[in-house]
Amino acid sequence: QGGVTYTETEIEDFGTALAFFRPERKNDTLSFAPKWMASLSATFEQPIGSALLFRTNVGAKYTTEYNTGSNLDPRKLQDSFALVNARIGLGSADERWMVEAWAQNLTDEEYYQVAFDATLQGSSAGAVATSTVDAFLGAPRTYGLTARFKF
């Protein structure tokens, strides 16, 4: 399964929300709005004899660059990145139990969930920003083992 999204965002008119936007944002793209996103995943299942089932799944999501800041400060730009998740398992053919090893962010991609101006650390207004930019990073590579049982 898979999907592709193309998004063209531009602030054309603030309407009644003008008080919440800076006027210089007109004609800018929206925050958190990459032009392209794509996802692809595949699952494979294979019986092993009549009692066991082998299952594996790999999924990936690609996102082009986007800005994570509401003020579109260039220092808050997130470069394009891809996330890969995988799972492999063995269980009973009737699915009464399954043991799976899994990994999220398999390639340990570092990316911003959001970047923001640090409190009382300068200003991002004007031609030259003097503020310190902090960020919440996305989850690093995680992995584990899951056991499922149906009673």
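The protein chain contains zero helices and 10 strands, and its pattern along the sequence is accordingly written as β-β-β-β-β-β-β-β-β-β. These results refer to a predicted model. Of the 151 residues in the chain, 25% are buried. Among contacts with a separation of 6 or more, 57% are made by residues 24 or more positions apart. The chain exposes about 10,200 Å², and carbon and sulfur atoms supply 59% of this area.

Six of the strands form an open sheet, in the order S1-S2-S3-S6-S7-S10, with antiparallel pairing. Strand S1 (2-6) and strand S10 (142-149) each have a single partner strand and stand at the edges, so one side of each is left without a neighbour in the sheet. On average, neighbouring strands of this sheet are turned by 10 degrees against each other, direction ignored. In general, strands of a sheet pair through backbone hydrogen bonds, in either a parallel or an antiparallel manner. At one edge, S1 runs antiparallel to strand S2 (residues 36-48), and five bridges join the two. Within this pair, Thr5 stands opposite Met37 in S2.

On the surface, Trp97, Val99, Leu145, Phe149 and Phe151 make a nonpolar patch of about 640 Å². At least two residues of the patch come from strand S7 (97-104), and at least two from S10. Phe151, by contrast, is placed in the segment after S10. The relative accessible area of Phe151 is 93%; this residue is therefore classed as exposed, the cut-off being over 50%.

The loop between S7 and strand S8 (112-117) holds Asp108. This residue counts as partly exposed, at 35% relative accessibility. Apart from neighbours within four places in sequence, Asp108 is in contact with Pro140 and Arg141. The C-alpha atoms of Asp108 and Ala139 are 8.6 Å apart in space, while the two residues are 31 residues apart in sequence.

Seven salt bridges were found in a search of the whole structure. In one of them, Lys35 is joined to Glu8, with the closest N and O atoms 2.9 Å apart. Both residues lie in the loop between S1 and S2, and the pair therefore ties together parts that are 27 residues apart in sequence. Lys35 is partly exposed, its relative accessible area being 38%.

A further salt bridge is formed by Asp73 and Arg75, whose closest N and O atoms are 2.7 Å apart. Asp73 is buried, at 6% relative accessibility, whereas Arg75 is partly exposed, at 35%.

Asp117 and Lys76 also form a salt bridge, with 3.3 Å between the closest N and O atoms. Asp117 belongs to strand S8 and Lys76 to the loop between strand S4 (66-67) and strand S5 (77-78), so that the pair links distant parts of the chain, 41 residues apart. Here Lys76 is the buried partner, because its relative accessible area of 3% falls under the 20% cut-off. Asp117, at 27% relative accessibility, counts as partly exposed. Elsewhere, Glu45, Arg55 and Glu95 are linked in a network of salt bridges.

Technical notes
Residues are numbered from 1 along each chain as its sequence is written. This is a predicted model: local features need pLDDT of at least 70, side-chain atom pairs count only at pLDDT 80 or more; totals for chains, interfaces and linings use all residues. Side-chain values use heavy atoms; hydrogens and water are left out. Two strands pair if DSSP finds at least two bridges between them. Helices (H or I, at least four residues) and strands (E, at least two) are DSSP runs, numbered from the N terminus. Axes are lines fitted to C-alpha atoms, for helices over the stretch in contact, and angles run from 0 to 180 degrees between N-to-C directions. Patches are made of residues with over 30% relative accessible area and no salt bridge: like charges are joined within 9 Å, nonpolar side chains (Val, Leu, Ile, Met, Phe, Trp, Tyr) within 5 Å. Accessible areas come from the Shrake-Rupley method with a 1.4 Å probe; for residues, only the protein chains shown count as cover. A salt bridge is a side-chain nitrogen of Lys or Arg within 4 Å of a carboxyl oxygen of Asp or Glu. Buried means under 20% relative accessible area, exposed over 50%, partly exposed in between (1.4 Å probe, protein chains only). Contact means heavy atoms within 4.5 Å.
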